[in-house]
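Work through three short exercises on local geometry and burial. Try each task before reading its solution.

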Amino acid sequence: MKATGIVRRIDDLGRIVIPKEIRRTLRIRESDPLEIFTDREGEIILKKYSPIGEMTTFAKQYAESLSQVSGKTALIADRDQFIAVAGGNKGLLGKSISKELEEKLTNRETSVSAKGEKGYISIAKEHGEEASQQVISPIICEGDVIGAVVLLDNDDKGKMGDVEKKLVLSAAAFLGRQMEQ
């Protein structure tokens, strides 16, 4: 564990303030849910809660199916990182999503774009390799955006279009409904 040198007192209601610098670094926003863990040494551990993270095994299987059907790289992300990757680009697994992708999710944007076109974004924070085409759709559960489904392709011959967009939209809708149950 890394010491920050920051000390906070618990108020009379049992609350403690997480410093702004730490919230910014860990990308914790107001109203984000946090999981609370304790260990044997009496330490309290706060972890950003990812509802879709509970479905990691299921998300991996879904990404595999989506990749096999489409012949493209399929990725599933929560609001912070990629939790499932299938069909290539395995280096993205566990990587943080980019600010641009986070913005698309916040705006509930579904997009189909090729490199160089308006709407094309870098999807990961720190990853040099990019695909030539992408389809992105937010996963919405009970009215909240909880993640994204992304299809990537490096084939410059054919252009991704309505078929891939419908695949990603149906995957995102399905995963959103699964989380509601």
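The exercises below go residue by residue.

This is a predicted model: local features need pLDDT of at least 70, side-chain atom pairs count only at pLDDT 80 or more, and totals for chains, interfaces and linings use all residues. Residues are numbered from 1 along each chain as its sequence is written, and side-chain values use heavy atoms, without hydrogens or water.

**Exercise 1.** Place S113 and decide: is S113 buried or exposed?

*Solution.*
- Step 1. S113 sits in strand β5, residues 111–114 (strands are DSSP runs of E, at least two residues; helices are runs of H or I, at least four; both are numbered from the N terminus).
- Step 2. Its relative accessibility is 2%, so S113 is buried (buried is under 20% relative accessible area, exposed over 50%, partly exposed in between; 1.4 Å probe, protein chains only).
- Step 3. Beyond four places in sequence, S113 contacts K118, G119, Y120, S132, Q133 and Q134 (contact means heavy atoms within 4.5 Å).
- Step 4. A polar atom of the S113 side chain lies 3.5 Å from the backbone oxygen of G119.

**Exercise 2.** Which residues does E109 touch beyond four places in sequence?

*Solution.*
- Step 1. Locate E109 in the loop between α3 (99–106) and β5.
- Step 2. List its partners: K104, I136, S137 and P138.
- Step 3. Check accessibility: at 31%, E109 is partly exposed.

**Exercise 3.** Compile phi, location and accessibility for R108 and E142.

*Solution.*
- Step 1. R108 is not a glycine, yet its phi is positive, about 55 degrees.
- Step 2. R108 lies in the loop between α3 and β5 and is partly exposed at 42%.
- Step 3. E142, also not a glycine, has a positive phi near 50 degrees.
- Step 4. E142 lies in the loop between β6 (133–141) and β7 (144–153) and is exposed at 60%.

How values were computed
Polar contact = N/O pair within 3.5 Å; in protein donor to acceptor, adjacent residues only side chain to side chain.
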